[in-house]
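Here are my notes on the structure you sent round. Have it open while you go through the points.

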Amino acid sequence: MPARIKRECRKLGCLNLTANACGYCDEHLNEAHLKYDRYRGSSNERGYDSRWQRYRKWFLARNPLCAVCGELATVVDHIVPHKGDKALFWDKNNHQPLCERCHNIKTAREDGGFGSRIVKKG
C-alpha cells in the first residue's frame, strides 16, 4: 500500500507535517484524542455496561465470524448507529458480528470516526 501524502497538522497554527489518518501530528495527537473522548463520554455512559458485555459474549458465541471478511468476530456492531437511542441500541436486528479491522473501517467511513468526515449515502 502506498504511503499517505503528508499534510499540515489540523491543530490551528501548527506547521508540522503528518501522515496520520486523523490529521494531527504526533505532538497534538493525544490532545485531540483527549478532547474527543471528553466530548463523547465513557463507554459506560454510552450504554456499554456489564449488561452489554454479557450480551456481547452471548451474541459472539452464536455469531463467531465477521459478516464482512469471515475472520473471527470480536465486535458486535450496530448496523445503524444508535446515537444514544436505547431502543435502537438493543434492537437485535441492528447487530452484526465484525472483526476489529472491519469495524474500524466501517466506523471511520460511515459514522465519521475520529478525524474523518461523514460519508453520506444516496
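1. Start with the pairing at D77: its bridge partner in β4 is Q96. That pair belongs to a wider match-up, since strand β3, residues 75-78, is joined to β4 by 4 bridges, with the two strands running antiparallel. Keep in mind that this is a predicted model.

2. Now look at the two sides of β4. Which residues of this strand are buried on each face? H95 and P97 sit on one side, Q96 and L98 on the other, and all four are buried, leaving both faces of β4 covered. So Q96, the partner of D77, is among the buried residues of the strand.

3. H95 deserves a closer look. Its place is in β4, which spans residues 95-98. With a relative accessible area of 6%, H95 falls under the 20% cut-off and therefore counts as buried. Its side chain still has a polar partner: there is a contact with the side chain of Y55 at 2.7 Å.

4. What else does H95 touch, leaving aside residues up to four places away in sequence? The list is W52, Y55, F59, V76, D77, H78, I79, F89 and W90. Y55 thus shows up both here and as the polar partner of the H95 side chain. Likewise D77, which bridges to Q96, is on the contact list of H95.

5. On to the cysteines. How many disulfides does the structure hold? The count is 0. A disulfide is a covalent bond between the sulfur atoms of two cysteines. For C14, the closest cysteine sulfur is that of C25, at 3.8 Å; the cut-off is 2.5 Å, so this is too far for a bond. C14 itself is buried, at 9% relative accessible area.

6. C66 tells a similar story. Its sulfur has that of C102 as the closest cysteine sulfur, and the 3.8 Å between them is again too far for a bond. C66 is buried too, with a relative accessibility of 5%.

7. Finally, the whole chain. There are 4 helices and 4 strands, and from the N terminus on their order is β-β-α-α-β-α-β-α. Of the 122 residues, 27% are buried. The chain exposes about 9100 Å², and carbon and sulfur atoms supply 53% of that area. As for contacts between residues at least 6 apart in sequence, 39% join residues at least 24 apart.

Technical notes. Residues numbered from 1 in each chain as written. Predicted model: local features only at pLDDT ≥ 70, side-chain atom pairs only at ≥ 80, totals over all residues. Heavy atoms only, no water. Buried < 20%, exposed > 50% of the residue type's maximum accessible area, 1.4 Å probe, protein only. Polar contact = N/O pair within 3.5 Å; in protein donor to acceptor, adjacent residues only side chain to side chain. Contact = heavy atoms within 4.5 Å. Areas by Shrake-Rupley, 256 points an atom, 1.4 Å probe, with all protein chains shown as cover. Pairing = 2+ DSSP bridges.
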